[in-house]
There are 2 protein chains.
Amino acid sequence: MDHTRWLDDEEQRTWRAFLAAHRLVFDKVERRLQAGAGMPQAYYEILVRLSEAPGRTLRMSVLAESALASRSRVSHAVARMEEAGWIVRRSCPTDRRGQLAVLTDTGMGVLEAAAPDHVESVREAVFDGLTPAQQAALQEASEAIVTHLSDGAEWPVTGDSGPDGPGCPQAS
Amino acid sequence: MDHTRWLDDEEQRTWRAFLAAHRLVFDKVERRLQAGAGMPQAYYEILVRLSEAPGRTLRMSVLAESALASRSRVSHAVARMEEAGWIVRRSCPTDRRGQLAVLTDTGMGVLEAAAPDHVESVREAVFDGLTPAQQAALQEASEAIVTHLSDGAEWPVTGDSGPDGPGCPQAS
DNA sequence: GCAAAGTAGTTGAACGCTCAGCTGATGAGT
DNA sequence: ACTCATCAGCTGAGCGTTCAACTACTTTGC
């Protein structure tokens with residue numbers, strides 16, 4: 001027997017449009033970022049989160065959660081960006097398991113240099129194709145999905161530091 | 001001077017929600033597919049396109065375009081799936097540069113076995129979190145983005161074979 | 001105190017994707 | 001016919017991601 005809740009035609013159409021939009025938007029944005037700044041989206045997002053954090057500092061695990069990335073990914077990425085001089089790692093004074101990632105001035109400079117073209121590509125890919133009403137609808141639907149998938153757990157879309165702070169107070 | 005068309009707060013919020021929604025949805029779907037069927041989304045999509053094509057056959061370039069993938073990606077992917085016995089390659093009789101990818105019965109079986117859980121994961125990730133109105137809005141916004149990014153070029157979201165057929169008539 | 005369970009982060013292998021460069025076929029211009 | 005540009009597809013190197021260990025530290029329960 002077949003319990004599968006198959007998609008009807010309308011759902012199928014929605015899913016394929018969503019899929020196509022995703023691929024087209026992120027391909028474009030990723031390519032532009034790679035060409036212009038030589039870094040993948042994931043790295044950019046890590047830099048953004050760090051730049052917004054107090055003291056430009058975040059614990060690895062907080063960074064991972066806030067950038068929606070696995071710990072492993074962040075580990076590898078930060079290692080690479082540390083080689084490049086964009087980030088330095090310091091150990092956390094209150095929990096010796098912890099590591100703090102700190103955005104350097106160099107890293108901040110790289111981010112600021114990359115931002116204008118990145119933002120432009122996002123605007124071209126998403127906002128230039130939408131009416132204000134469609135934009136509002138997209139926001140609402142996206143937030144509904146995020147809320148649903150983050151389960152009961154709150155999920156700070158605007159990057160604040162969560163209910164219990166950055167996990168390790170910025171030591172500077 | 002600074003010509004950058006920065007995002008205002010509302011646009012920023014929309015973009016971050018869109019970004020988060022996509023990461024969460026595709027992470028979930030990809031993981032489920034990988035765990036259940038041992039294949040990435042990109043492979044699944046290739047199999048779907050082939051299964052819908054007349055004679056379960058498509059030229060490599062048509063396959064790439066229809067799956068929104070680069071030719072290189074399709075080349076690598078088909079090579080791997082050919083090793084697995086899911087696809088066979090045959091040369092195109094009318095254009096000796098061309099290659100036809102044909103879905104085998106084994107491949108069709110793998111696809112059919114993978115489909116139920118994949119569809120279920122899509123439903124859980126997307127539709128279970130949306131009201132019907134939100135779903136309709138998401139479809140409209142996604143299609144607007146797709147239309148915008150595909151430029152003037154038509155883009156068959158529903159996988160038909162395009163204005164001039166599969167490019168190489170299915171020879172069977 | 002001390003063992004057991006849980007948490008933070010790292011590491012290396014496997015793998016898919018991208019990019020650039022390549023072969024070989026086709027089509028247009030002369 | 002002959003050249004040159006274009007197109008279809010393949011290939012290998014490089015890179016980022018994932019997954020499954022693994023180390024080190026912390027917390028819980030006794």
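This text walks through two protein chains, their contact, and the DNA strands beside them.

The model is predicted, so local features need pLDDT of at least 70, side-chain atom pairs count only at pLDDT 80 or more, and totals for chains, interfaces and linings use all residues. Residues are numbered from 1 along each chain as its sequence is written, while chains are lettered from A and ligands numbered from 1 in the order written.

Start with the symmetry. A turn of 180° and a shift of 0.0 Å along the axis lay chain A on chain B with an RMSD of 0.0 Å (least squares on the C-alpha atoms of residues with pLDDT of at least 70 in both copies). The two copies are thus related as by a two-fold rotation axis. Both use the same surface: 100% of the contact residues of chain A recur in chain B.

Next, the protein contact. Chain A gives 45 residues and chain B gives 47 residues (contact: C-beta atoms, placed from the backbone, within 7 Å). On the chain A side, helix 1, helix 5 (105-125) and helix 6 (132-149) each supply at least two residues (helices are DSSP runs of H or I, at least four residues, numbered from the N terminus). That side has 25 nonpolar, nine polar and eleven charged residues (Ala, Val, Leu, Ile, Met, Phe, Trp, Tyr, Cys and Pro are nonpolar; Asp, Glu, Lys and Arg are charged; the others, Gly among them, are polar).

Now one helix pair within it. The axes of helix 1 (residues 9-37) of chain A and helix 6 (residues 132-149) of chain B come within 8 Å and cross at roughly 45° (axes are lines fitted to C-alpha atoms over the stretch in contact; angles run from 0 to 180 degrees between N-to-C directions). The two helices are therefore oblique to each other (under 35 degrees is roughly parallel, over 145 roughly antiparallel, 65 to 115 roughly perpendicular, the rest oblique). Contact residues include Phe18(A) and Leu24(A) on helix 1 of chain A, with Leu138(B) and Ile145(B) on helix 6 of chain B. By class, this helix contact has ten nonpolar, four polar and three charged residues.

Finally, the DNA. Around strand C lie 25 residues, the closest being Met60(A), Ser61(A), Ser75(A), Ala42(B) and Arg96(B) (near: C-beta atom, placed from the backbone, within 6 Å). The surface near strand C has five nonpolar, ten polar and ten charged residues. Strand D also has 25 residues around it; Ala42(A), Arg96(A), Met60(B), Ser61(B) and Ser75(B) come nearest.

How values were computed: Contact = placed C-beta atoms within 7 Å.
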